[in-house]
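Q: I'm new to this structure and would like a close look at a single part of it. Could you pick the packed helices in the middle chain and walk me through them slowly?

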Amino acid sequence: MSIEELAFLALAVVALVTAVAALLVRELVHTILWIGVFFVDLSAIYFLLEAPFLGVLQLGVYAGAVTVLLLFGIMVTRKRIFSREAATGIGAVPFALAAVTFIFAVAAVGELPQTSQPVRAYDPTLLSENLFGTNGPWLLLLGLIMMAAVAGSIYLVREGRE
Amino acid sequence: MALSFVVVGLAGTRMRRLEWGGWVAVAFSAAAMVVGVLIGIGEMVNPGTYTDVRYTWLHLAPAPGAFPNGFSLVVGTLVDPISALMLIVVTVVGFLVMLYSIGYMHQDRGLPRYYAELSLFLAAMSGLVLADNLLEFFVFWELVGVCSYFLIGFYYEKPSAASAAKEAFIVTRVGDIMFLLGIFLFFYNYATVGPVGSGGWAANGFLFTNGNAPYLGAALGTGNQTLLTVAGIMILGGAAGKSAQFPLHVWLPDAMEGPTTVSALIHAATMVAAGVYLLAVTSLFLGFTSTDQLAIVAIGGFTAFFAATMAVVHPDIKRVIAYSTISQLGYMVMAVGAGFAMVGLFHLFTHAFFKALLFLAAGSVIHAVGTQDLFKMGGLKKTMRLTAAAFAIGGLALAGIPPFAGFWSKDDILSAVYSQLGTHPDYWPFFLLAFVAVFLTAYYIFRAWFLAFSGDHPRDPTLPHAHEGPWVMRVPLVVLSALAVGAGLLIFVPGFQSLLLSGNGAAGIPPMYGTTDLLLSSASVALGAGGIALAWVLWGNGRVFVLSESSAAQPVRRLLLDRYYFKVGYDWVGAKGVYTVARAADFFDRFVIDGTVHGFERAFAYGSDRLRRIQSGVVSDYAAYVVAGLIALFVLLLIVAPYLVAKIGGG
Amino acid sequence: MTDLPIVGFVGLSTALLAVGLFGILTRRNFILILIAIEIAMNATILNFVYFGAFSGGAGGLSGQAIAVVLIGFAATEVAVGLAIVLALNRLKGTINVAQATDLKL
């Protein structure tokens with residue numbers, strides 16, 4: 001195996017472990033920690049895939065803003081957070097569903113070309129060209145949605161609600 | 001042109017709801033009478049013309065099999081010899097009864113209803129007579145039945161009246177069902193028959209006539225003979241119901257619960273005559289087989305005798321006359337069965353007049369003394385001379401004494417049947433029964449007369465003092481008396497003769513003046529006289545003939561009085577049979593049908609209860625549903641779809 | 001640079017998706033549910049990225065571009081989700097979704 005493959009394998013393992021851990025630990029603040037590691041791990045994967053811009057973005061947005069946001073959320077709803085309500089018993093149905101989904105996807109995977117493909121070199125100019133050109137509309141849409149989200153969130157948390 | 005008058009006259013006798021509606025109704029029925037008589041005269045002048053005005057109001061597409069050329073529903077009026085004859089009867093008697101009612105019904109409540117119902121009845125009866133096709137005929141037939149229900153049950157607060165009305169309706173209903181079946185059978189048999197190129201009977205609306213001949217023409221009586229015979233029997237059943245022949249006779253005596261005027265109109269002259277008219281129409285336009293004819297003759301003759309026996313002992317004046325009606329109808333039925341429809345109708349014609357006369361005279365008596373029990377009456381000829389005379393005239397006509405009307409027509413019937421005895425020896429017993437009934441007829445009617453009118457004083461001293469009724473009651477009596485005398489003599493009027501002749505088509509009339517017939521006539525007159533004499537012996541001059549208790553005839557008497565226990569029998573059948581069926585039906589309804597409904601209800605409730613648990617309110621659950629749906633979608637898309645494509649494409 | 005097995009990547013993102021799904025369906029704490037959603041979203045973003053990386057031509061960079069957009073989306077959604085948490089907390093005094101059953105029939 002090449003070094004990339006090895007690196008990928010390691011990163012993949014870490015990603016899975018941290019994700020599962022985040023969901024299963026008792027204390028809510030601990031999950032934040034695990035989640036933080038997860039995001040960083042993903043960012044590493046992006047770098048591996050010749051998408052450094054994305055990797056940085058991931059770090060900034062996720063590992064940075066989202067984690068902090070979650071922390072804030074926990075802080076504000078402090079009263080209950082340290083209770084034992086974090087987890088529920090493993091329900092058979094949801095677990096089965098998740099398992100089925102996984103199996104499906106694996107089966108689908110079986111249809112993918114087994115061979116590896118070369119990874120392209122990175123060129124930021126081209127990326128921005130693409131982002132604002134071909135995929136420009138998506139970007140605009142994102143902007144709109146963000147606006148709506150901001151407005152909505154402010155409305156949701158306004159003081160008048162009882 | 002004359003027909004538009006008909007329509008107007010007919011429509012004129014619709015329901016009236018006014019306080020002084022009596023006179024309005026009388027006016028309209030007078031108009032109708034004028035129209036009717038005019039039409040009748042028109043027919044006599046132009047014998048054998050059939051005028052038909054019709055309108056097809058519904059035409060259904062051809063249905064292969066039964067109705068290959070389609071099916072039409074037609075409404076129209078037909079004026080032909082028989083309908084003209086009947087129309088005269090209906091309108092004249094109708095008018096007279098209306099007039100009489102003004103006086104007779106003076107104190108009764110609910111008068112507007114009475115006149116409305118009576119008018120409706122006249123309209124229905126006229127419609128029946130003028131119907132130009134079988135379906136229209138049936139419609140009016142039913143309408144007449146309904147009206148009789150109303151009128152018999154006029155005093156609806158009297159339980160006996162209400163139940164009598166129901167009885168009448170139900171018994172005639174049995175007949176009606178048979179009639180309907182008969183209609184269907186005729187439809188089936190004759191659906192495509194008819195004049196060349198017309199498409200057949202069904203396609204043209206089941207008309208009676210085409211031009212001046214029966215619509216079915218040469219095809220009359222052809223087709224499946226069994227079918228035809230059964231159809232004929234069914235028709236006979238219907239007629240028997242309406243005309244109160246054995247075994248559907250039970251309703252008529254009880255129908256006397258209605259006002260006497262109603263009895264006069266409906267049960268003497270018109271509605272009961274509808275049955276005979278039906279038989280005549282069927283025999284002329286639809287066709288009876290010889291088996292049918294035998295059946296008809298049998299029923300007619302038997303009933304004639306049978307009813308007369310019951311009239312012999314009855315104490316109620318109206319019921320005596322009622323039985324008389326049944327008996328006379330039997331004669332008419334017999335005549336039609338023998339193939340002489342016009343002769344039967346002639347008797348119907350005369351009978352209408354003298355029977356109505358008898359009823360109205362009886363009504364006059366009842367109005368004066370307030371009772372219907374003959375044994376309470378007596379000596380009325382002193383105080384009610386007109387009524388007594390009227391009743392006597394009616395009685396003589398009934399008994400068949402010349403020169404009164406009944407003689408001519410009844411004798412015609414006897415001659416007619418007699419003439420067929422050669423070719424139909426099985427008619428003999430019925431002929432004899434009818435013949436003997438002549439004696440009985442004379443006897444019972446004069447028994448009634450003597451009981452009511454002869455002697456010096458009423459047997460029951462508490463009876464109010466009798467007097468004649470107002471002029472509205474007397475005039476009809478006089479007119480009818482005249483008719484009772486003269487109607488028979490009409491046979492000598494050439495126009496009338498040709499009317500009768502033409503109506504029968506080629507069937508001819510019985511020889512009336514041959515030697516055999518003179519013998520027959522004399523014999524029947526003798527019988528009649530004998531009957532009167534016997535009545536005088538037993539009941540004349542205020543005598544009352546009381547059968548001693550130990551007499552051997554007592555059981556017979558009781559049998560007769562109880563009407564051969566027919567009523568009891570029918571009641572028992574009705575109670576046990578119908579009630580059982582009703583209970584079974586109720587059980588079925590409650591258990592099966594309601595059970596099914598409740599079952600549905602429970603299934604739904606249960607299902608929905610289970611189903612609603614999906615909405616747990618817990619978000620995670622909903623998310624789970626979403627995922628499940630997604631998976632299903634994937635399965636569908638990725639597995640099922642390609643599979644199907646392969647199947648369909650390859651297969 | 002060099003070849004990397006596609007299978008592994010797809011397998012990874014699928015597995016992460018399954019984990020995220022599991023979290024959504026089983027956790028009762030609303031914030032945990034949000035985190036689980038994030039895991040799942042990241043799985044998809046990852047998917048986009050390496051499909052973009054593994055396909056040549058015009059599709060290649062689109063993958064990354066879309067991934068950028070998607071990250072934006074995801075972040076937005078977290079923000080809104082937290083707003084909901086706050087509202088819910090204010091309403092019910094808890095962030096236990098099992099107790100937010102007002103829509104129960």
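A: What follows is a walk through a group of helices in chain B, with a short look at the other chains afterwards.

Bear in mind as you look that this is a predicted model. Chain B comes to 23 helices and four strands. Of its 651 residues, 51% count as buried. If you take the contacts in chain B between residues at least 6 apart in sequence, 81% of them join residues at least 24 apart.

Let's start with helix 12 of chain B, which covers residues 317-337, and helix 13 of chain B, which covers residues 341-369. The axes of helix 12 and helix 13 of chain B come within 9 Å and cross at roughly 175°. That makes helix 12 of chain B roughly antiparallel to helix 13 of chain B. Where do these two touch? On the helix 12 side of chain B, the contact includes Ile317(B), Ile321(B), Thr325(B), Gln328(B), Tyr331(B) and Ala335(B). On the helix 13 side of chain B, the residues involved include Ala341(B), Gly344(B), His347(B), His351(B), Lys355(B), Leu358(B), Ala362(B) and Val365(B). If you wonder about the spacing in lists like these, an α-helix has 3.6 residues a turn, so residues three or four places apart point the same way.

Now stay on helix 13 of chain B and look for another partner. That is helix 15 of chain B, residues 385-399, and the two axes come within 9 Å, crossing at roughly 150°. Angles over 145 degrees count as roughly antiparallel, and helix 13 and helix 15 of chain B are therefore roughly antiparallel to each other. Helix 13 of chain B passes helix 15 of chain B in a left-handed crossing. From helix 13 of chain B, the contact is made by Phe354(B), Leu357(B), Leu358(B), Ala361(B), Ser364(B) and Val365(B). From helix 15 of chain B come Thr387(B), Ala390(B), Phe391(B), Ile393(B), Gly394(B), Ala397(B) and Leu398(B). You may recognise Leu358(B) and Val365(B): they take part in the contact with helix 12 of chain B and in the one with helix 15 of chain B.

Back to helix 12 of chain B, which has a further neighbour in helix 16 of chain B. These two pack at an angle of about 40°, with their axes 9 Å apart. They are therefore oblique to each other, and their crossing is left-handed. Helix 12 of chain B contributes Tyr331(B), Met334(B) and Ala335(B) to the contact, while helix 16 of chain B brings Lys410(B), Ile413(B), Ala416(B) and Val417(B). Tyr331(B) and Ala335(B) are also among the residues of helix 12 of chain B that meet helix 13 of chain B.

Is helix 16 of chain B covered or open? It is mostly covered, with 15 of its 16 residues buried. Helix 16 of chain B runs over residues 405-420 and reaches 24 Å from its first C-alpha to its last, close to the 22 Å expected at 1.5 Å a residue.

Further along chain B you meet helix 17, residues 428-453. At 1.5 Å a residue, its 26 residues should span 38 Å, and its end C-alpha atoms are 38 Å apart, which agrees. Even so, helix 17 of chain B has a kink of about 25°, centred on Val438(B). Helix 17 of chain B is mostly covered too: 20 of its 26 residues are buried.

One more spot in chain B deserves a glance. Leu286(B) sits in helix 10 of chain B, residues 271-286. Leu286(B) is buried, with 26 other C-beta atoms within 10 Å. Leu134(B) is 152 residues away from Leu286(B) along the chain, yet their C-alpha atoms are separated by 9.7 Å.

Finally, the surroundings. Chain A has seven helices and zero strands, and buried residues make up 25% of its 162 residues. Asp41(A), found in helix 2 of chain A, is buried, with 22 other C-beta atoms within 10 Å. Leaving aside neighbours within four places in sequence, Asp41(A) is in contact with Leu11(A), Val14(A), Ala15(A) and Thr18(A). Chain C has three helices and zero strands, and 60% of its 105 residues count as buried.

Terms used
Residues are numbered from 1 along each chain as its sequence is written. Chains are lettered from A and ligands numbered from 1 in the order in which they are written. This is a predicted model: local features need pLDDT of at least 70, side-chain atom pairs count only at pLDDT 80 or more; totals for chains, interfaces and linings use all residues. A residue is buried if 20 or more other C-beta atoms lie within 10 Å of its own, exposed if 12 or fewer, and partly exposed in between; C-beta atoms are placed from the backbone. The expected span of a helix is 1.5 Å times one less than its number of residues. The bend at a residue is the angle between axes fitted to the seven residues ending there and the seven starting there. Axes are lines fitted to C-alpha atoms, for helices over the stretch in contact, and angles run from 0 to 180 degrees between N-to-C directions. Angles under 35 degrees count as roughly parallel, over 145 as roughly antiparallel, 65 to 115 as roughly perpendicular and the rest as oblique. A crossing is left-handed if the near helix is turned anticlockwise from the far one by less than a right angle, and right-handed if clockwise. Two residues are in contact if their C-beta atoms, placed from the backbone, lie within 7 Å.
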